[in-house]
Amino acid sequence: MTGDANHNPNPPATALSEPLALRLRSTAGRLRRYTVLAGLACVGWATLPLALAQFAVDSYAGGLRWSMRATALAIILLWVVRLAWRRVWRPWHLPFGLPEVAHLIERRHPELAGVLISAVRFAGGETGHSATASGALTASVMSQASASTVNLDFDTVLNTRRARLATLSLTGVLITGIAITVAAPDQTVLWFRRNVLLQNTPWPRQTRLVVDLDDGVLTGAIGDDLTIRAHAEGIQPRDVEIVLETVSGRKQRGMMVTVGSHDARRYRYTVKNATEDFSFRLRGGDDRTNPYHAHLCERPRIAHTQMHLIPPSYTGQDPVILGNDERSARVLSGTTVTIRFRTNKPVRRAILMSGEKEIVQADPDAQWHTVTTSPTMTGTYHFSLEDEVGLTNRRPVFLSLQVVPDEPPRARLRIPDAQEVITLDAILPVELEFADSHGLATASLTYHLSGEGTGEKRIALAGLSPGARSFSTDITWSPPRTASPGDRVALQAHATDLNDVTGPGVGKSHQVTLRIATREEFLAELSRREKESRAAFERHIDTQEDLRRRLLSSVAAARMEGSDGGESDETLANLAHRQRNLAGAVNTVRHHFGQILAELMVNQLDTPNEHARLSQGIIEPLSRLAERDLVAAADSLQECSRQKLAEQSAAIDAQQAAMLSDMRAVLDEMVQWEGYNELLDMIRALIRLQDELIAETQDALTEQADNVFED
């Protein structure tokens, strides 16, 4: 029965009347909307000026940088979000229900005396414990609340004026935004792209300055003059200002040089001797450009070079490597030249140049570049370098290659014991010498006989090792059997080298031409030359006699008192000089007679008597005179002075007399030999006449015999 004690058979009515509940809910909704509407109007009016200010600053500056525009957008968004959270988000999410509305109405209408608040609470289930709750009281309060509020205006709790102002304000914001968009749609879209989407769309201006750059960065070399060029699109400004700032903070202003006509102006500014990176802007007309950047770097240059020279294989020479300090070389034609070089920075192109002509492009090999060429002519070479940003080398390193030809072999031919005339019986000693800097291939003696009418004959020389740098040999040569008196024979030494690039090179000696004569013609030629030498020797004897007379005159003058000693010494010096010259002249005569004897021997015409007469009777005495006696006499005269001349006069005169005696003895041998030769010439003439008579007799007998047989 305990459960029946708490049972209330008449539970209270806890629901508000439907009209009252609807009015309360409507008032609560309108109050929330009015608050949010006022917050939105506040946010709108706060955002619009900020957007207009951002528009004005970006437009006036000619376009802020992306970072500045992004910063401004972030600040505006933070401000708008904070304001919206305080004025819109928080009011919208506040716990604003029927009790709060009832409380506001009770405050506006105190005569309700808490009936409306109590009814709302009872409707919310706040009736107390079921054991003590009075249903009748609750129903009475509900009924009284409905009756008391029938004629009340709940809108009095709403600030409708503020709500209307908020609505008008929000409408004004929207209308202003729409009006701006309609009035300046292009500018609005541009602002939205630049300041909301953060695009780099440029602002439209009457003048647009454009810097002439390919990729937006001006590149130059450290220390060079760097020229900035620009042009204008639209209205052409008369003046354009440039503002520069280096990375170290130095600032510089200047006016660009204006060139061109009024409708097509161009602008130029030169930064002298630029040494560091900098940024710059242009100002002209109504345009202000964004900053441009200039990047300076070192020009490419050759830091180190090596030249590898590989001579032609036929030379047998080893390759040569020239270091960085050796940039000139003498090379043979056919030499392979490999140039390796290193640059101070990476380059995208390196070309070997000769003047303005491109030779070959270098191949990169790690840190080195390599080119290989085989020069055919002397030239000066350099490399054209271009780095990754297009800078070239202004001061190239020059390499000099002097191409020297492989000189042909050198050949020398000498026939010491022959002049221009030889006989058919001659056996000529021929001295041959050959040389080549890089090796001989062949060596030979050639001769050509005019009477044969054929080409030259070649005699290969034994003993030559191919590749030898020098070769010499002595051979004997005789006229061929086909030769006849009156023919001429030309002898010449020939040699070839191993040059397989531009050769082979052919070397030739001077040509020795000899005339073949009969024995009689040859001896007559020798006789003529002997007469010339004898006549010359007679003149030398006359000179020696005159020298002796002058010497005796000087002796006589030295013995006279009061004579000029200086003049006498000068006379002795002149006599000594003449004596020494006479020794040389006599030696020349000796050489001529020696040549005659050698030619007699070579042509197999010397006899024991002739050999003894020439060598012992003429050549040997002339040698003693030229090399000993005449030289000793000259030395005596040179050492003698005026004071000693009188004392030594007897010895000097005896020396002079002895020399003259020897010279006359030699002259007698020459005259005797000459008479002997004249006798031989007469005998030869008789023999020749006899031979001609015999030949004519034979011809007559042959003619008579022919006549007999014809009869």
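Asn-499 sits in the loop that links strand 27 (488-497) to strand 28 (506-508); strands here are DSSP E runs of at least two residues, helices are H or I runs of at least four, and both are numbered from the N terminus. This is a predicted model, where local features need pLDDT of at least 70, side-chain atom pairs count only at pLDDT 80 or more, and totals for chains, interfaces and linings use all residues. Residues are numbered from 1 along each chain as its sequence is written, and side-chain values use heavy atoms, leaving out hydrogens and water.

So what's around Asn-499? Its relative accessible area is 4%, so Asn-499 counts as buried (under 20%; exposed is over 50%, partly exposed in between, with a 1.4 Å probe and protein chains only). Its side chain reaches the backbone nitrogen of Val-501 at 2.8 Å. Leaving aside residues up to four places away in sequence, Asn-499 touches Tyr-314, Asp-406, Pro-504 and Gly-505, a contact being heavy atoms within 4.5 Å.

Now for the largest nonpolar core (buried Ala, Val, Leu, Ile, Met, Phe, Trp, Tyr and Cys residues joined through side-chain atoms within 4.5 Å). It has 30 residues, and Leu-600 is one of those touching the most other members. Helices 9, 10, 11 and 12 each supply at least two of its residues. Apart from it lies another core of 28 residues, including Phe-434.

How sure is the predictor? pLDDT is its confidence in each residue, from 0 to 100, and the protein averages 79.

| Element | Residues | Mean pLDDT |
|---|---|---|
| Helix 1 (lowest) | 2-5 | 38 |
| Strand 21 (highest) | 410-414 | 94 |

Conventions. A polar contact is a pair of N or O atoms within 3.5 Å; within protein, one must be able to donate a hydrogen and the other to accept it, and residues adjacent in sequence count only if both atoms are side-chain atoms. pLDDT is the predictor's confidence in each residue, from 0 to 100.
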